[in-house]
Amino acid sequence: MVTSAFAGEIPRSERRSGYAFMSRETRAMQDDDSANPGMLWVLEGEGLWNRKTGAASRSCADCHGDARASMKGVAARHPSFGAAHGRPVSLEQRINVCRINAQKAPALAWESRDLLALTAYVARQSRGLPIEIAIDQRMEPFLDAGRAAFHRRQGQLNLACSQCHDDNWGRRLAGNVIPQAHPTGYPLYRLEWQSLGSLQRRLRNCLVGMRAEPYDYGAPELVDLELFLMWRARGMTFEAPGVRP
Amino acid sequence: MASALINVPPRARRGEIIEVKTLISHPMETGYRRSQLGALIPRDIIRLFVCTYNGTEVFRAELHPAIAANPFIAFSTVATESGTLAFQWTGDNGFSVAESVAITVE
């Protein structure tokens, strides 16, 4: 297990979800299922879960049954090791593996409405559970790569993720409070996006903000970073679909 | 694709003020934005929301550009009798969604 602490690492007792930095109104929006726009995608995802698709004419439910039982805790354990890939895979990639192998259907595009809806529906089943990322020998090198990316200065502004999210959280970047970057609510509804979005979309946003060239969706570098962030938030409560400003 | 979430208390006392909350999936494209090639993106918004309670209109809202995507509309009404609350959203490009919810008043 990796236990070494970096200089600026946030002590476990001081970790806070992005939720804690939001205004009262935005928190109320997330808490109320009839006001949380992310629930629109959850509703749609439930429909897709039960719809037969692909050459195999099989629905998610045909294999996995009732998602409320079978998908409980799944999103809180991703990225997890994908034996066929030989590396960690994100929840979106896991869904597409099922589409290709079991349903014989084409993969869904990143940030497409259907992929977001299915991801949101699966993630919803983990709400309230603690994030649990199991790191074994196979996963360790990828976690290390993610950690290195988090601490590596990059882009024209020569910034590392850790400089904002470890060293300066709670302070302001222009008008916004800098959160600690714990991915507790993904996929989440960002008011700025007027839409649901994945963690990778958010990471790419940050990279553009640092004037770095963002990695492509599904790039191994982004999955490694996702893995590190989820591991860094281990034990925190999963709250998907979240709402963020 | 259009889906709506509606929250109405399933039962209420006669004369009680109840809160009705609705959320609908819609892009609410303003008609003022331009694509990356400079072409105007045509307006696509919900224009009108109407709620009727056993056939009587109890709430109406006109929507305009600059209202956020996925409009959330909440209002209150008085629970007068058991029956149906019907909701209708209409907008550009023939957008039309109708939903209804039953309420028991005792």
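**Exercise 1. Determine how many residues chain A and chain B each bring to their contact.**

Solution. The contact takes 9 residues from chain A and 10 residues from chain B, where two residues are in contact if their C-beta atoms, placed from the backbone, lie within 7 Å. On the side of chain A that touches chain B, the largest share, 4 residues, comes from helix H2 (residues 38-49) of chain A. Helices (H or I, at least four residues) and strands (E, at least two) are DSSP runs, numbered from the N terminus. By type, this side of chain A divides into 5 nonpolar, 3 polar and 1 charged residues. Here Ala, Val, Leu, Ile, Met, Phe, Trp, Tyr, Cys and Pro count as nonpolar, Asp, Glu, Lys and Arg as charged, and the others, Gly among them, as polar.

The model is a predicted one, in which local features need pLDDT of at least 70, side-chain atom pairs count only at pLDDT 80 or more, and totals for chains, interfaces and linings use all residues. Residues are numbered from 1 along each chain as its sequence is written, while chains are lettered from A and ligands numbered from 1 in the order in which they are written.

**Exercise 2. State how confident the prediction of chain A is.**

Solution. The mean pLDDT of chain A (the predictor's confidence in each residue, from 0 to 100) is 94, and 97% of its residues reach 70 or more. Over residues 1-6 of chain A, however, the pLDDT is below 50, and this stretch has 5 contacts in the model beyond near neighbours in sequence. Where pLDDT is low, the predicted coordinates should not be read in detail.

**Exercise 3. Establish the strand order of the open sheet in chain B.**

Solution. Begin with the pairs; two strands pair if DSSP finds at least two bridges between them. Strand S1 (residues 4-7) of chain B pairs with strand S3 (residues 17-24) of chain B in the antiparallel sense over 4 bridges; in S3(B), Thr22(B) is the bridge partner of Ile6(B). Next, 7 bridges join S3(B) to the antiparallel strand S6 (residues 72-78) of chain B, where Thr77(B) is the bridge partner of Ile18(B). The order of the 3 strands is therefore S1-S3-S6 (chain B). S1 and S6 of chain B stand at the edges, each with a single partner strand, so one side of each is left without a neighbour in the sheet.

**Exercise 4. Describe the secondary structure and burial of chain A.**

Solution. Chain A comes to 10 helices and 7 strands. Of its 245 residues, 36% are buried, that is, 20 or more other C-beta atoms, placed from the backbone, lie within 10 Å of their own.

Definitions and conventions:
A residue is buried if 20 or more other C-beta atoms lie within 10 Å of its own, exposed if 12 or fewer, and partly exposed in between; C-beta atoms are placed from the backbone.
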